[in-house]
Amino acid sequence: MSLLEAIVLGIVQGLTEFLPVSSSGHLELVKHLFGSKLVAEESLLFTVAVHAATALSTIVVFRKDLVEIFRGLFQFQWNESARFSWFIVLSMIPAAFVGLFFEDFLDQLFSGQILLVGLMLLLTALLLILADRAKFTNKSVGWKEALLVGVAQAIAILPGISRSGATISASVLLGIDRTKAARFSFLMVVPLILGKIAKDILSGGFNLEGDKLLVILAASLAAFIAGLLACKWMISLVRNSNLYYFAIYCFIVGTIAIASQLII
């Protein structure tokens, strides 16, 4: 992978992380267009690295919220801040379980599985359409909602299923206010990404040198800058815009991806 390819992939990740269009799916599609020859382990490592960069941009944007979450975890009173903090922890359990016990299987999915990406983009489009038709409510996140949204996040590990699209759609379909759903969706992924990075560092997963290290750093920097710019804009867009347009986009891209595999 060249330095230019890495930067383009980083920008794609940064922009699509906050859109309900699947950043992991777009990474696989762009890598396929570039003809990148990364093996599964390297491909997943690259994906984790640029996700970490966008997680950092999320931390910058939501720094005040994260401070409140940490305070809530260590308070000895069951107030709104504490409840929200423990709901974030609860939502992490399904995805953490899948990541720990199905890691080898997941590695194989991040190796140019374009047909799978296309099918999952169609599923994302369906989820967005269903969420778009849901009623507007003022409901907050409860423990049942946190767990179910966590299940949606675990399923969204598959490339092509939008994590934000799946979690926001699940939240809205459960009756949660859209603004609260977007905030919860963006915050719940940060601890998981940081945990994944720590696991890979301890297992030696980031032992890269020379040109490969430069490529990872360039992609991560590009993802961070793009994510930082896109995050605030996307929060407002998800809050106020119609998810139907994102569904159309996912349907078109998914159909093209499937057709490219069946025709060739």
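**Close-up views of a predicted model**

**View 1. Tyr 245 and the nonpolar surface patch of helix H12.** Tyr 245 has its place in helix H12, which covers residues 243-263, and the model in which it is seen here, as in the views that follow, is a predicted one. With a relative accessible area of 58%, Tyr 245 counts as exposed, because the cut-off for that class is over 50%. On the surface, Tyr 245 forms a nonpolar patch together with Tyr 244, Ile 248, Phe 251, Ile 252 and Ile 256, and the accessible area of these residues together is about 640 Å².

**View 2. The packing of helix H4 against helix H5.** Helix H4, made of residues 63-73, packs with helix H5, made of residues 80-101, at an angle of about 95 degrees, and their axes lie 7 Å apart. H4 is therefore roughly perpendicular to H5. On the side of H4 the contact is made by Glu 68, Ile 69, Gly 72 and Leu 73, while H5 contributes Ser 81, Ala 82, Phe 84, Ser 85, Trp 86, Ile 88 and Val 89.

**View 3. The salt bridge between Arg 183 and Asp 65.** The side chains of Arg 183 and Asp 65 meet in a salt bridge, with a distance of 2.7 Å from N to O. This pair links distant parts of the chain, since Arg 183 belongs to helix H10 (residues 178-202) and Asp 65 to helix H4, 118 residues apart. The count of salt bridges comes to one. Arg 183 has a relative accessible area of 33%, so it is classed as partly exposed, between the cut-offs of 20% and 50%.

How values were computed:
Residues numbered from 1 in each chain as written. Predicted model: local features only at pLDDT ≥ 70, side-chain atom pairs only at ≥ 80, totals over all residues. Heavy atoms only, no water. Patch = residues over 30% accessible without salt bridge, like charges linked within 9 Å, V, L, I, M, F, W, Y side chains within 5 Å. Areas by Shrake-Rupley, 256 points an atom, 1.4 Å probe, with all protein chains shown as cover. Salt bridge = Lys/Arg side-chain N within 4 Å of Asp/Glu carboxyl O. Helix = DSSP H or I, 4+ residues; strand = E, 2+ residues; numbered from the N terminus. Buried < 20%, exposed > 50% of the residue type's maximum accessible area, 1.4 Å probe, protein only. Axes fitted to C-alpha atoms, helices over the stretch in contact; angles between N-to-C directions. Parallel < 35°, antiparallel > 145°, perpendicular 65-115°, else oblique. Contact = heavy atoms within 4.5 Å.
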